[in-house]
Amino acid sequence: MDSVLLRRLAAHRGVAVPDQERLPEFADNLGWRLADMLAIAGLPIPADLMPADPTAKRQVQHVLQGTCRLTAKEIGPIRQYARALPPSPNPRQQAAPPATVTFGAVLERLMLVRNLDDTSVCHVIGWAEALLRRLILGYFPPKPVWLLYLGDVLDLRPDDLAALSAVPTPSGNEPTPDYRSHIGGLVWDLTPLSADAIEEVASFVVHMRHDATGDW
């Protein structure tokens with residue numbers, strides 16, 4: 001295993017690059033999910049770490065359309081509802097093959113393990129899809145402030161993303177982005193669910209917002 005991005009992350013966190021068999025422990029110590037660590041290492045991602053229904057991206061979009069501007073407090077009940085649903089009884093997970101490790105390729109893999117496509121991500125962060133696609137294809141490096149947006153959607157630390165992409169960490173003096181979101185954890189909560197169950201979460205969001213009085 002020789003991933004330049006993994007080496008960048010380890011250097012940023014001040015730890016040694018692990019052997020492949022110690023990658024789960026490494027991920028846990030850094031607060032990363034194993035699927036994400038395999039993604040940045042360019043290694044195969046087993047099916048059991050992938051979304052239960054890879055065809056459910058449209059249903060994921062429906063959930064994000066109703067939640068991407070909500071506060072963390074408002075999203076809390078939605079996350080509880082999603083986590084209370086049973087996992088898909090007939091999972092159709094598909095393993096991800098090994099991949100060349102560039103920041104753009106890894107970004108796409110990080111989206112894949114979350115059942116996100118370009119449309120979903122860009123809806124949340126307010127980008128044109130062409131911008132995200134060109135970033136994935138490596139036409140240009142990300143601007144540091146962009147990593148705040150991507151960190152929101154992926155539920156990853158912007159400074160870690162900065163290390164992976166070899167750009168400066170967002171300084172804290174950056175202007176507050178117009179599109180900040182607390183959606184990243186909810187995105188993960190949807191990954192064990194079937195398309196029908198994810199659509200049920202979307203309906204729950206609609207009913208919650210319709211029934212809300214002065215809180216939303």
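Start by selecting helix 1 (residues 4–13) and helix 2 (residues 23–30), which pack at an angle of about 45° with their axes 12 Å apart. Helices here are DSSP runs (H or I, at least four residues), numbered from the N terminus. The axes are lines fitted to C-alpha atoms over the stretch in contact, and angles run from 0 to 180 degrees between N-to-C directions. Helix 1 and helix 2 are therefore oblique to each other; angles under 35 degrees count as roughly parallel, over 145 as roughly antiparallel, 65 to 115 as roughly perpendicular and the rest as oblique. Their crossing is left-handed, a term for a near helix turned anticlockwise from the far one by less than a right angle, with right-handed used if it is turned clockwise.

A word on what is on your screen: this is a predicted model, in which local features need pLDDT of at least 70 and side-chain atom pairs count only at pLDDT 80 or more, while totals for chains, interfaces and linings use all residues. Residues are numbered from 1 along each chain as its sequence is written, and side-chain values use heavy atoms, with hydrogens and water left out.

Now show the side chains between the two helices. L6, L9, A10 and R13 of helix 1 meet L23, F26 and L30 of helix 2, where contact means heavy atoms within 4.5 Å. By class, this contact has 6 nonpolar, no polar and 1 charged residues. Ala, Val, Leu, Ile, Met, Phe, Trp, Tyr, Cys and Pro count as nonpolar, Asp, Glu, Lys and Arg as charged, and the others, Gly among them, as polar.

**On to helix 3**

Keep helix 2 and add helix 3: these two pack at an angle of about 115°, with axes 9 Å apart. They are therefore roughly perpendicular to each other, and helix 2 passes helix 3 in a right-handed crossing. On the helix 2 side, pick L23, P24, F26 and A27; they meet L34, M37, L38 and A41 in helix 3. The class count for this contact is 8 nonpolar, no polar and no charged residues.

Next, select helix 3 (residues 34–41) alone: 7 of its 8 residues are buried, so it is largely enclosed by the rest of the structure. Buried means under 20% relative accessible area, exposed over 50%, and partly exposed in between (1.4 Å probe, protein chains only). The buried residues are A35, D36, M37, L38, A39, I40 and A41. Which helices do the buried residues of helix 3 pack against? Display helix 1, helix 2, helix 6 (103–112), helix 10 (158–165) and helix 11 (184–190) to see them. Helix 3 is followed by G42, with a positive phi near 75°.

**A stop in helix 10**

In helix 10, click on D160. This residue is buried, with a relative accessible area of 1%. Beyond four places in sequence, D160 touches L9, H12, R13 and W32.

**The nonpolar core**

W32 appears again here: in the largest nonpolar core, which has 71 residues, W32, M37, L107, L116, W127, L150 and L190 touch the most other members. Such a core is a set of buried Ala, Val, Leu, Ile, Met, Phe, Trp, Tyr and Cys residues joined through side-chain atoms within 4.5 Å. Centre on W127, and leaving aside neighbours within four places in sequence you will find C122, L132, L135, W146, Y149 and L150 in contact with it.

**Helix 7 and its surroundings**

Helix 7 (residues 118–125) is mostly covered, with 6 of its 8 residues buried: D118, S120, V121, C122, V124 and I125. These buried residues pack against helix 4 (57–67), helix 6, helix 8 and helix 9. Just after helix 7, look for G126, which takes a positive phi of about 75°.

**Helix 9 and the loop before it**

Select L147 in helix 9. Is L147 buried or exposed? At 0% relative accessibility, L147 counts as buried. Outside the four places on either side in sequence, L147 touches F103, P142, P158, L161, A162, S165, V167 and P170.

Step back to F140, in the loop between helix 8 (129–136) and helix 9 (146–154). F140 counts as partly exposed, at 26% relative accessibility. Not counting residues up to four places away, F140 touches L131, R134, L135 and W146.

**Last stop: S194**

Finish in the loop between helix 11 and helix 12 (195–211), where S194 lies. S194 is buried, at 18% relative accessible area. Apart from neighbours within four places in sequence, S194 is in contact with D53 and S88.
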